[in-house]
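Me: Hi! I have a structure open here and would like to go through some backbone details with you. Could you take a look?

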Amino acid sequence: MRQLRSFVAAHGPTVMTSAFFSLFTEMEGFRRTQDHPLLRDMGIHAFDTARYILDADPVAVTARGTRPEWSVYHHDATVSATFEMSDGSLFAYHGTWNARGLPTWWNSEWRIGAQHGSATWDGTGAPVVGTEDEEETARLQAAIDAETAPEPDQIAASLVECVSALREGRTPMCEIHENVLSFAMVEAAVAAVERGERVEIDELLEQARTEAIAAEADEQAREIMRSWDSVREALVAGS
């Protein structure tokens with residue numbers, strides 16, 4: 001993901017990014033009866049990844065879900081969502097727990113199209129990049145392939161980031177202000193499926209602020225939320 005982010009920064013702006021996730025699974029427990037189990041379980045990972053790679057935030061989304069007759073889930077575990085991003089590009093997410101064969105990795109399969117180059121990623125190995133210049137493409141790919149040193153992953157990586165941020169006096173990656181818009185993408189996609197129409201992220205954020213103010217018992221906290229020009233601006237300032 002870090003290599004993809006660097007490639008996009010050097011070869012953007014992007015036009016279209018897609019993430020395809022397909023893994024046949026019949027999970028037990030609450031997911032079988034949960035509304036929109038795929039979006040609320042898996043969507044957050046791809047949406048957070050897209051924001052990181054593109055260095056862009058969501059503006060609006062349209063989405064559709066379906067439940068095939070063989071699904072063990074009571075709600076849609078197959079979803080397609082298209083987000084309009086703040087850089088003017090589109091990010092399309094296609095995910096399913098209902099298709100057998102040729103599974104993707106949990107990280108999805110990615111394709112990124114930008115003004116000066118394109119890249120693909122299978123979700124586990126090194127990205128494959130391409131430009132119109134064959135020599136530049138070969139140089140970029142060689143540099144990516146040369147990065148063979150293992151890096152910390154998952155909990156180990158989180159601990160490294162936490163300790164490094166404390167030592168360096170900086171805000172760590174995925175701090176809550178930074179992550180809220182990824183969660184908003186999930187709930188906006190859910191709303192788009194349920195309404196069958198385009199949903200604006202800021203509309204959803206402002207609705208959440210209204211509900212939070214009504215539910216908050218602390219008057220000082222309510223006043224802080226009322227003082228924001230917008231939720232999005234407050235998130236940017238907080239991060």
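Reply: Happy to! Let's start with Cys174, which is found in the loop between helix H4 (154-168) and helix H5 (176-195). Keep in mind that this is a predicted model.

Me: Sure. What is phi of Cys174 near?

Reply: Phi of Cys174 is near 65°, a positive value in a residue other than glycine.

Me: And is Cys174 buried, partly exposed or exposed?

Reply: Cys174 counts as partly exposed, because its relative accessibility is 42% and the partly exposed class lies between 20% and 50%.

Me: What about phi of His36?

Reply: That one is near 55°, so to speak another positive phi in a residue other than glycine. His36 lies in the loop between E1 and helix H2 (37-54). With a relative accessible area of 1%, His36 is buried.

Me: Changing topic: which peptide bond is cis?

Reply: The one from Gly12 to Pro13, with omega near 5°. Pro13 sits in the loop between helix H1 (2-11) and strand E1 (14-22).

Me: Now Arg51. Where is its place, and is Arg51 buried or exposed?

Reply: Arg51 belongs to helix H2. Its relative accessible area is 12%, so Arg51 is buried, the cut-off being under 20%.

Me: Which side chain does the Arg51 side chain join in a polar contact?

Reply: That of Asp57, at 2.7 Å.

Me: What else is Arg51 in contact with, leaving aside neighbours within four places in sequence?

Reply: Besides Asp57, the contacts of Arg51 include Ala56, Pro58 and Met85, and also Glu178, Asn179, Leu181, Ser182 and Met185.

Technical notes. Residues numbered from 1 in each chain as written. Predicted model: local features only at pLDDT ≥ 70, side-chain atom pairs only at ≥ 80, totals over all residues. Heavy atoms only, no water. Helix = DSSP H or I, 4+ residues; strand = E, 2+ residues; numbered from the N terminus. Buried < 20%, exposed > 50% of the residue type's maximum accessible area, 1.4 Å probe, protein only. Polar contact = N/O pair within 3.5 Å; in protein donor to acceptor, adjacent residues only side chain to side chain. Contact = heavy atoms within 4.5 Å.
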